[in-house]
Amino acid sequence: MPARDSMGERFRSLARIWADALTYALAVTAVAAVAALVLSVATGGGLVRTKAFLFVGGWVLLAYATVRLWPTSPEDVGDPQRNRVGESLPETETSTRFQTFVRRLPPMRWIQSPPPEDRMTTQGKLLLGSLLVLLLSFLLETVFGVG
């Protein structure tokens, strides 16, 4: 029976880690979507321009997250058994206002946050968010028929 409890605890831990990462990524996507919509309306465009702003913004976020995840030296990569997935660069910054805001959003407000050493890095969450921004741009064009 102890093996089952260990497996259940591991699953709960992974669920909390992914809930944290997905909440952050969805918040980044929502902020990007609102910013693209406001920018589009301010420049006299419609949803087509919003989709274009999301596309460009998604690529910019993807490039930024990739640069932030890139190891600075071979020692950052090191032994694969020693490093955990997504930790090519150590998390050096403290919690930002945006991260604090995201932790107050559902479902993170209702579940216990994973310990800092188990969380996906901010750069990894931003990479996931950039992929969701690009997905939103793609869905606007293919599913909703925005030219």
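This is a short tour of a predicted model, stop by stop, with something to select at each one.

**Colour by confidence.** Start with pLDDT: the protein averages 83, and 85% of its residues reach 70 or more. Now select residues 85-93, where pLDDT stays under 50. The model still gives this stretch 19 contacts beyond four places in sequence, so please treat the stretch with care because pLDDT is the predictor's confidence in each residue.

**Helix H1.** Next, select residues 2-42, which form helix H1, and find Leu14 within them. Leu14 counts as partly exposed because its relative accessible area is 34%, which falls between the 20% and 50% cut-offs. Add Trp18, Leu22 and Leu26 to your selection: together with Leu14 they make a nonpolar surface patch of about 370 Å².

**Helix H4.** Move along to residues 97-103, helix H4, and pick out Val102. Is Val102 buried or exposed? With a relative accessible area of just 2%, Val102 is buried. Show its neighbours and you will find Thr23, Tyr24, Ala27 and Met108 touching it, leaving aside residues up to four places away in sequence. Try a distance label between the C-alpha atoms of Val102 and Thr23: they sit 6.8 Å apart, although 79 residues separate the two along the chain.

**Helix H2.** For the last stop, select residues 47-69, helix H2, and zoom in on Lys51. This lysine is buried, because its relative accessible area of 12% is under the 20% cut-off. Which residues does Lys51 touch, not counting those up to four places away in sequence? Display Ser137, Leu140, Glu141, Val146 and Gly147 to see them.

Methods
Residues are numbered from 1 along each chain as its sequence is written. This is a predicted model: local features need pLDDT of at least 70, side-chain atom pairs count only at pLDDT 80 or more; totals for chains, interfaces and linings use all residues. Side-chain values use heavy atoms; hydrogens and water are left out. Patches are made of residues with over 30% relative accessible area and no salt bridge: like charges are joined within 9 Å, nonpolar side chains (Val, Leu, Ile, Met, Phe, Trp, Tyr) within 5 Å. Accessible areas come from the Shrake-Rupley method with a 1.4 Å probe; for residues, only the protein chains shown count as cover. A salt bridge is a side-chain nitrogen of Lys or Arg within 4 Å of a carboxyl oxygen of Asp or Glu. Helices (H or I, at least four residues) and strands (E, at least two) are DSSP runs, numbered from the N terminus. Buried means under 20% relative accessible area, exposed over 50%, partly exposed in between (1.4 Å probe, protein chains only). pLDDT is the predictor's confidence in each residue, from 0 to 100. Contact means heavy atoms within 4.5 Å.
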